[in-house]
Amino acid sequence: MGYPAANGVVNTNAPLTAVTIPVGQVQQPQATSTLSMVANLDAVSGTGTQFPAQVTVFDSLGEPHVATVTYQETANNTWSYSVALPAADFASGKSTPITGTMNFDANGNLATIQPAGAATPSTVGTAAGDASSIALNFTGLADGAKDLKMSWGLLGTSGTPTISQVDTASAVSSTKQDGYASGQYQSFSIGTDGTVTASYSNGQQQAVGQLALANVSNLQGMKLLGNGDYRTTLASGTASVGVSGSAGLATMQDSALEASNVNISAQFSQLIIAQRAFEANAKSVTTFDTVTQDTINMVH
């Protein structure tokens with residue numbers, strides 16, 4: 001029993017329920033809605049220099065598409081960008097790239113962007129009116145999936161641009177996107193806090209519940225029901241239920257077998273006593289049998 005999870009989010013305020021492992025289930029695909037990349041563009045590469053970068057994204061059916069971002073230096077501190085999917089990915093057989101311009105300041109930081117069709121550049125930042133992303137919308141996919149609507153994030157967790165321009169070779173150090181294909185259930189694990197996490201063949205993990213722990217004020221007062229089950233009594237007090245690691249409750253350990261909690265010395269002592277009692281009783285029976293047999297022989 002534990003707390004339920006909806007879409008991978010555990011609700012510890014909900015009533016306890018049975019935690020279900022999704023054996024045999026298929027995780028539905030998720031279309032890419034955001035993507036980002038950490039990249040540097042060579043500041044002295046020269047006008048006309050192109051630098052392509054790629055990131056794989058997914059549509060609503062879980063089909064992967066390779067998005068190619070092509071940067072081209074058009075002037076000092078100025079680069080154009082073009083984002084396109086392969087022509088074969090569209091029902092029309094034609095790919096229309098999404099284009100625009102990026103401008104960098106004297107320190108190589110991304111300062112402004114101007115998507116094609118925009119009247120004026122937008123400052124890149126977190127202040128009101130600043131741009132923090134670029135809209136990437138692709139329609140008419142050949143596989144019949146929904147239109148692929150994505151947001152190209154330009155800022156990192158610290159609020160600074162992830163694309164820079166300094167005097168070093170153009171390169172992409174990392175890319176991120178939040179889409180994935182469908183996946184088959186493979187296994188599960190349990191964290192120290194009791195969270196049950198299912199793993200799928202697409203590399204995704206999702207919480208399916210969180211095991212609950214309980215404690216009572218007097219453990220010795222609980223009643224043994226058998227098969228390792230106990231119930232509370234007036235002597236034990238009411239059970240206090242919560243998550244592991246909180247309110248004095250213990251933590252959990254995954255993939256571990258609990259050792260015996262029996263007092264081995266006491267059990268062996270009782271075994272020896274029982275064995276000796278059996279031997280004594282057996283000798284008594286043997287002696288009685290011998291006496292009886294001798295008495296019968298005397299009668300004959």
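These questions and answers walk through a predicted model, one part at a time.

Me: Which strands are the edge strands of the open sheet that runs in the order β5-β6-β7-β8-β9-β10?
Reply: Six strands make up this open sheet, and their pairing is antiparallel. Towards one end of the order, strand β9 (residues 110-115) pairs with β10 over two bridges, and I113 has S122 in β10 as its bridge partner. The strands that pair on one side only, and so form the edges by the pairing rule of at least two bridges, are β5 and β10.

Me: Is D59 buried or exposed, and how far away is the nearest side chain of opposite charge?
Reply: D59 sits in the loop between β5 (50-58) and β6, and beyond its neighbours within four places in sequence it is in contact with several residues, among them Q30, H65 and L148. D59 is buried, yet it has no salt bridge. The nearest side chain of opposite charge belongs to K146, and the distance to K146 is 11 Å.

Me: Which backbone nitrogen atoms does the side chain of D59 reach at 2.9 Å?
Reply: One of these contacts runs from the side chain of D59 to the backbone nitrogen of L61, at 2.9 Å. In another, a polar atom of the side chain of D59 lies 2.9 Å from the backbone nitrogen of E63. The backbone nitrogen atoms asked for therefore belong, with 3.5 Å as the limit for a polar contact, to L61 and E63.

Me: What is the phi of N77, and where does N77 lie?
Reply: Most residues other than glycine have a negative phi. N77 is not a glycine, yet its phi is positive, and its relative accessible area of 30% makes it partly exposed. N77 lies in the loop between β6 (64-75) and β7 (78-84), and its phi is near 65 degrees.

Me: Why does N227 count as exposed?
Reply: N227 is found in the loop between β19 (223-226) and β20 (229-231), and although it is not a glycine it has a positive phi of about 60 degrees. A residue is called exposed when its relative accessible area is over 50%. N227 counts as exposed because its relative accessibility is 83%.

Me: How many residues separate S92 and A142 along the chain, and what is the separation of their C-alpha atoms?
Reply: S92 is placed in the loop between β7 and β8 (98-104), and at 54% relative accessibility it counts as exposed. A polar atom of its side chain lies 3.3 Å from the backbone nitrogen of K94. Along the chain S92 and A142 are 50 residues apart, while their C-alpha atoms are separated by 7.7 Å.

Me: Which residues does A14 touch, not counting residues up to four places away in sequence?
Reply: A14 belongs to the loop between β2 (9-10) and β3 (26-27), and with a relative accessible area of 17% it is buried. The C-alpha atoms of A14 and P4 are separated by 7.0 Å, although the two residues are 10 residues apart along the chain. With residues up to four places away left out, A14 touches Y3 and P4.

Me: Which strands pair with β17 (residues 205-211), and over how many bridges?
Reply: Strand β1 (residues 2-6) pairs with β17 in the antiparallel sense, and G2 has L211 as its bridge partner in β17. Strand β16 (residues 195-200) also pairs with β17 in the antiparallel sense, with T195 bridged to Q210, and in the hairpin of β16 and β17 G203 takes a positive phi near 90 degrees. The pairing of β17 is thus, by the rule of at least two bridges, with β1 over three bridges and with β16 over five bridges.

Me: Which residue forms a salt bridge with E279, and how far apart are the closest N and O atoms?
Reply: Side chains of opposite charge can pair when their charged atoms come close. Both partners here lie in helix α1, three residues apart, which is about one turn of the helix; E279 is partly exposed at 34% relative accessible area, and R276 is partly exposed at 48%. The salt bridge of E279 is with R276, and the closest N and O atoms are 3.6 Å apart.

Conventions: Residues are numbered from 1 along each chain as its sequence is written. This is a predicted model: local features need pLDDT of at least 70, side-chain atom pairs count only at pLDDT 80 or more; totals for chains, interfaces and linings use all residues. Side-chain values use heavy atoms; hydrogens and water are left out. Helices (H or I, at least four residues) and strands (E, at least two) are DSSP runs, numbered from the N terminus. Buried means under 20% relative accessible area, exposed over 50%, partly exposed in between (1.4 Å probe, protein chains only). Lys and Arg count as positive and Asp and Glu as negative; His and the chain ends are not counted. A salt bridge is a side-chain nitrogen of Lys or Arg within 4 Å of a carboxyl oxygen of Asp or Glu. A polar contact is a pair of N or O atoms within 3.5 Å; within protein, one must be able to donate a hydrogen and the other to accept it, and residues adjacent in sequence count only if both atoms are side-chain atoms. Contact means heavy atoms within 4.5 Å.
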